[in-house]
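Morning, everyone. Please have a look at the structure on the screen before I go through parts of it.

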Amino acid sequence: MLSIGQAQIKLLEKLCNAMAVSGDEGEVRRIVLEEVKPHADEVKVDALGSVLVRKRGTGKKPLRVLLDAHMDEVGFMIVRDDGDGFYQFATVGGIDARHLVGKQVIVGKDHTIGVIGAKPIHLTTPDERKHTIDVEAMRIDLGPEGKAKVGDRATFATKFKRVGPSVMSKSIDDRIGVAILIELLKHTPKNIELCLSFSVQEEIGLRGAAVAGHYFNPDLAIAVDSTPARDLPDYEGRENYTYNTKLGLGSRHLHSACTHHQRYAAGEIPRRNRCQKQNPIPVPPAGRRRDGCGRASTGACRCPGGLGLRAAPLHPFPHQRCAGGGLEEYSQSLARHIA
Ligand SMILES: [Zn+2]
């Protein structure tokens, strides 16, 4: 029986603390390769850098199921050395500039600590205080001794933490999906051919997942990712009843554009999983974006899923939080679903 204990949480911690800004996913890829090799029939790294894994099923023509989780995270790239330890940077993926000033970051392969600096408040004019500072005007400050190269990636310096029953970290989106896929590989149902795509460059346009879809040509494709938890109180302090996911209520399997496969017929997912406590609101645009692996393959039914994350829609937040128990529930519901 698939269960989540200390070992799996340790692995999630290692994955979250690694840096894998889109286009430079090497740190996470190395962890993934080490974890999957003992349990897979076939492992390859494709031209873009995604890790593609296959575990063959029994029987004449077992259903080919592709699960995709992305290795990359949003972050920054150094674009100019201004001297004296100041570096101009560009954002990579969906970053909201309002959340950047004052944040600590790690830069390059050595994870050199820096900070995104700004003028102190007593030196700013009233007009400057009304406006968000443009990213082009911000600098990463590594101090006079700090060294970085143009092209180096950077991300938030936040370390993984366990806070009561939940976990808080940068890049839970989508290291949680990566960790779940690794666990599912160890508990693959025998009646399916399990294909896993640990894909690159999701945050800048689903690039890795699209290639994986072509490579595997699956019967079913499921994107294993997080989804925004809109469970915060509203402006008047009342509970938000329009939440799509709520921390503590487990995962949510979204009905996507394609529902021709009987496993994805309306009502079938909640029935099979005996778990759908989340609100069945329509797939938001962000959810639709995640079905790249299905869209790219010929006619495969695709279905994005997700574990609710607070702060997920605000990618630049260095802290994303999810309920720890949801990790086990999501893994188990996926295992039941594909068996
Ligand atoms: Zn994601």
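In which sense do strand β6 and strand β7 pair, and over how many bridges? The pairing is antiparallel, with four bridges between β6, residues 104-107, and β7, residues 112-117. One residue pair to find here is V105 with its bridge partner in β7, G114. The two strands form a hairpin with four residues between them, and in that hairpin G108 has a positive phi near 70 degrees.

β7 also pairs with strand β8, residues 139-141, again in the antiparallel sense, over three bridges. There, I116 of β7 is opposite I140 in β8.

Before going further, a word on confidence. This is a predicted model. The average pLDDT for the chain is 80, and 71% of the residues score at least 70. Residues 255-277 are below 50, although in the model this stretch has 41 contacts beyond near neighbours in sequence. Residues 279-298 are also below 50, with 51 such contacts.

Now to another strand, β3, which covers residues 63-70. Is it mostly covered or mostly open? Mostly covered: seven of the eight residues in β3 are buried. β3 pairs with strand β12, residues 192-199, in the parallel sense, and that pairing has eight bridges. As an example, R64 stands opposite E193 in β12.

L67 also sits within the β3 range. Leaving out residues up to four places away in sequence, L67 touches L181, L184, L196, I222 and V224. L67 belongs to the largest nonpolar core, which has 67 residues. Which members of that core touch the most other members? They are L67, V178, I180 and L181. The element that gives the most residues to the core is helix α4, residues 172-186, with eight. Domain 1, which is 6-73 plus 159-338, and domain 2, which is 75-156, both contribute residues, so the core lies between the two domains.

Last, helix α4 itself. Why call α4 largely enclosed by the rest of the structure? Because 13 of its 15 residues are buried. We can also check the length of α4: at 1.5 Å a residue, its 15 residues should span 21 Å. The C-alpha atoms at the two ends are 21 Å apart, so the model agrees with the expected span.

To go back over the main points: β6 and β7 pair antiparallel, β3 and β12 pair parallel, and α4 gives the most residues to the largest nonpolar core. That is all from me.

Terms used: Residues numbered from 1 in each chain as written. Predicted model: local features only at pLDDT ≥ 70, side-chain atom pairs only at ≥ 80, totals over all residues. pLDDT = per-residue confidence, 0-100. Contact = placed C-beta atoms within 7 Å. Buried ≥ 20, exposed ≤ 12 C-beta atoms within 10 Å, placed from the backbone. Pairing = 2+ DSSP bridges. Core = buried A, V, L, I, M, F, W, Y, C linked by C-beta atoms within 7 Å. Domains from an automatic or database assignment. Expected span 1.5 Å × (residues − 1).
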